[in-house]
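Here are my comments on the structure you asked me to look over. I have set them out as numbered points, so that you can follow each one beside the coordinates.

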Amino acid sequence: MTPSAPHDLVVTQATLADWPVIAGWAAAEGWNPGLSDGPAFFAQDPDGFFLGRMDGEPVSAISVVNHGPDYAFLGCYLVRPDLRGRGHGLTTWKTALAHAGNRTVGLDGVVAQQDNYRQSGFELAHRTIRFTGTAPQGGVTAGVRPAGPADLAAITAYDSACSPADRPRFLAEWLTGPGHRAFVRYDGARPTGYGVLRPGHDTLRIGPLFADTADDARALFGALTAEAAGREVAIDVPEPNTAGVTLAEQAGLRPSFETARMYTGPVREHARHRVFGVTTLELG
């Protein structure tokens, strides 16, 4: 059989119907995607997902999701294992990256690919550590309650202050997705943080966990782990947030995986110190 060449590949936009293929590949890599991530991901940018096919069969994938006029996020960069090393990934990458235009692009890169990303103009911002383990017995703390429709506007505004771009369409799906449990903490009428727990392929996932202070994060974490007590959970913590690292360690979670947040250029100022847990490695 003649090895396939990059020019045999046809890269086109993927649809939500293609998501199970992409999520299945991600799960096989041990990335533990959420079981119902697809609708929220596509809500943010339905044109930002791509598949490479040969003879109609999917062989590669990538997402380049535009979050606004100045920022995009790259994820889901995958090639079917039996067809790696033949240029299909690079062809898919180049085709999809054009979707970002002149935007700064961010990504969370696995260790094996970080040198390649540097060669493509990405610069390291920080490491992100995935902590995994059995959820401790949590509890609801004063000011913390389940998030409802009436909280959407406040959570969206809070999220925007913690992120390089606004993402209202994503959040409207993320907070209410099947199996997702969202909690918010208030000080009077002002939110001081929120967090989401969702089912993943291997473990339950916490993300985001955004909070003003370590006390706010601990209170929200307690509510989220109360929903998952005795089950395996995972949270991706930016290494510079030492309070977030301490929170995970004190809960008995241990490092299991790492990525590097990288950018091709500047991003808007946002409250990085509030990010105790990344929302998702696929969309930032």
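The points below go through strands, pockets and a few single residues in turn.

1. Please keep in mind throughout that this is a predicted model, and that the residue numbers start from 1 along each chain.

2. I would begin with strand 3, which covers residues 57–66 and is mostly covered, since 9 of its 10 residues are buried. Strand 2, made of residues 49–54, runs antiparallel to strand 3 and is joined to it by 6 bridges. One pair that you can look up for yourself is F49, whose bridge partner in strand 3 is S63. The two strands form a hairpin with 2 residues between them, and D55, in the turn, has a positive phi of about 55°.

3. Strand 3 also pairs with strand 4 (residues 71–79), again in the antiparallel sense and over 6 bridges. Here V64 stands opposite L74 of strand 4, and the hairpin that joins strand 3 to strand 4 passes through 4 residues. When you trace the chain from strand 2 onwards, you therefore meet a hairpin of 2 residues between strands 2 and 3, with a buried strand 3 counted as such by the limit of under 20% relative accessible area.

4. Which residues lie closest to the centre of the largest pocket? The space in this pocket comes to about 700 Å³, and of the 32 residues that line it, Y77, L78, V110, Q113 and Y117 are the closest to its centre. Strand 4, helix 3 (88–97), strand 5 (104–110), helix 4 (114–119) and strand 12 (254–263) each supply at least two residues of the lining. Strand 4 gives the most, with 6 residues, and when the lining is sorted by class, it has 15 nonpolar, 11 polar and 6 charged residues.

5. The second largest pocket has a volume of about 300 Å³. Its lining is made up of 21 residues, and those that lie nearest its centre are C162, R261, Y263, H270 and V275. By class, this lining has 11 nonpolar, 7 polar and 3 charged residues.

6. T104 belongs to strand 5, and with a relative accessibility of 11% it counts as buried, because the limit for that word is under 20%. A polar atom of the T104 side chain lies 2.8 Å from the backbone oxygen of P266. If neighbours within four places in sequence are left aside, T104 is in contact with D70, Y71, A72, Y263, T264, G265, P266 and V267.

7. Why can strand 11 be called largely enclosed by the rest of the structure? The reason is that 6 of the 7 residues of this strand, which spans residues 232–238, are buried. Strand 6 (residues 123–134) pairs with strand 11 in the antiparallel sense over 7 bridges, whereas strand 10 (residues 204–211) runs parallel to strand 11 and is joined to it by 3 bridges. On the strand 6 side R130 stands opposite D236, and on the strand 10 side R205 stands opposite A234.

8. D236, which is found in strand 11, deserves a separate look: at 2% relative accessibility it counts as buried. The side chains of D236 and R130 are joined by a polar contact of 2.8 Å. Not counting residues up to four places away in sequence, D236 touches T128, I129, R130, R205, F276, G277, V278 and L281. D236 and L209 are 27 residues apart in sequence, and from C-alpha to C-alpha they are 9.3 Å apart in space.

9. My last point concerns R198, which has its place in strand 9 (residues 190–199). Is R198 buried or exposed? Its relative accessible area is 0%, so R198 is buried. The side chain of R198 makes a polar contact of 2.8 Å with the side chain of D37. Leaving out residues up to four places away in sequence, R198 touches G34, D37, W174, G179, H180, L204, R205, G207, T279 and T280.

Technical notes
This is a predicted model: local features need pLDDT of at least 70, side-chain atom pairs count only at pLDDT 80 or more; totals for chains, interfaces and linings use all residues. Side-chain values use heavy atoms; hydrogens and water are left out. Buried means under 20% relative accessible area, exposed over 50%, partly exposed in between (1.4 Å probe, protein chains only). A polar contact is a pair of N or O atoms within 3.5 Å; within protein, one must be able to donate a hydrogen and the other to accept it, and residues adjacent in sequence count only if both atoms are side-chain atoms. Contact means heavy atoms within 4.5 Å. Two strands pair if DSSP finds at least two bridges between them. On a 1 Å grid over the protein atoms alone, a cavity is a set of points where a 1.4 Å probe fits but cannot get out, and a pocket is an open set with protein on both sides within 12 Å along at least five of seven lines; lining residues have an atom within 4 Å of a point. Grid points are joined across faces, edges and corners, and a volume is the space filled by probe spheres set on the points. Ala, Val, Leu, Ile, Met, Phe, Trp, Tyr, Cys and Pro count as nonpolar, Asp, Glu, Lys and Arg as charged, and the others, Gly among them, as polar.
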